[in-house]
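User: Hi! Could you walk me through this one with me asking as I go?
Analyst: Sure, go ahead.
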Amino acid sequence: MAETRGGRPVSASQRPTGGDKAVATQKKQYFRRKKVCRFCVEKIDDINYKDVKMLHAFVAERGKIVPRRISGVCAPHQRRLMDAIKKARNIALLPFAASY
Amino acid sequence: MNRIYEELFIVKPDAPEEEVDQFVEQLQTQLKTSGATVDKVEKWGKRKLAYRVDKYREGSYVLLQVTAAPEMVKELERRLRVSDLVLKFLTVRIDETLKRLEKRKKERDKRAAKRAERAPVTAPAQPSLAQQMTEAPGVPGMPKEG
């Protein structure tokens, strides 16, 4: 571990992409499906605040932003997503806090 | 230096159509006389608001895309703030975003072209892929919700 820090990432599993949960741990033998960033896979460059339908997928029932450990979105895209959601909230396209 | 802005604002739902049109027209003429260019005017019509604004549960959205200097936008915002018709507005500067997207798209296209070059055996399949690349990341428009 110590020898790779600071240098270039050696293997893909060491890159901090997040959601690399498919690597089965030695002790517990459960398997989680590998999460992938939807924006990377579908090659969506633009995360626009006006695209309410798309943003809705990344907002929980109560209007909270879904954390990326759950949604699997990569860090750069999560950042843009956050910006978009906050803009959309500002102009009443998305709720700050949804009521039931 | 002029920048590209997007101005999205919500008009009261009970305002008469003509009045809204007139108001938008007024904004446009004001912008034009101050030296800005209005690139796009989009009316989304009535939409439900995500939360209550000034006791209104719905509102009609209007989107303006303007190439203007910062002072002009300031004036535009002042007008929107003063107007009784407008519930809420949001100004977003988009020229840098557009530039970024353009760059990304170019990179994508280049990579696609390279891939097509590298695999000439499957040549007939490649043009369509390149076409997809150029078509897919289009200009962001209205929300697809309708």
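User: Is B:Val53 buried, exposed or partly exposed, and why?
Analyst: B:Val53 counts as partly exposed because it has 16 C-beta neighbours inside 10 Å. A residue is buried with 20 or more other C-beta atoms within 10 Å of its own, exposed with 12 or fewer, and partly exposed in between, with C-beta atoms placed from the backbone. Keep in mind that this is a predicted model: local features need pLDDT of at least 70, side-chain atom pairs count only at pLDDT 80 or more, and totals for chains, interfaces and linings use all residues. Residues are numbered from 1 along each chain as its sequence is written, while chains are lettered from A and ligands numbered from 1 in the order in which they are written.
User: Cool. What does B:Val53 touch?
Analyst: Not counting residues up to four places away in sequence, B:Val53 touches A:Ala92, B:Ile10, B:Gly59, B:Leu87 and B:Lys88. Contact is when C-beta atoms, placed from the backbone, lie within 7 Å. The C-alpha atoms of B:Val53 and B:Ile10 are separated by 9.8 Å, with the two residues 43 apart along the chain.
User: And which strand is B:Val53 in?
Analyst: Strand 2 of chain B. Helices (H or I, at least four residues) and strands (E, at least two) are DSSP runs, numbered from the N terminus.
User: How are the strands ordered in that sheet?
Analyst: The order is 2-3-1-4 in chain B, an open sheet of four strands with antiparallel pairing. Strands pair if DSSP finds at least two bridges between them. Strand 2 (37-53) and strand 4 each have a single partner strand, so one side of each is left without a neighbour in the sheet.
User: How many bridges join strand 1 and strand 3 of chain B?
Analyst: Nine, in the antiparallel sense. B:Phe9 stands opposite B:Val62 in strand 3 of chain B.
User: Switching topic: how many residues are in contact between chain A and chain B?
Analyst: On chain A 16 residues are in contact with 19 of chain B. Helix 2 (52-56) and helix 4 (75-90) of chain A each supply at least two residues of the chain A side.
User: Last one: which residues touch the most other members of the largest nonpolar core?
Analyst: A:Ala84, A:Ile85, A:Ala88, B:Phe9, B:Ile10 and B:Leu31, out of 34 residues. Such a core is a set of buried Ala, Val, Leu, Ile, Met, Phe, Trp, Tyr and Cys residues joined through C-beta atoms within 7 Å.

Terms used
Two residues are in contact if their C-beta atoms, placed from the backbone, lie within 7 Å.
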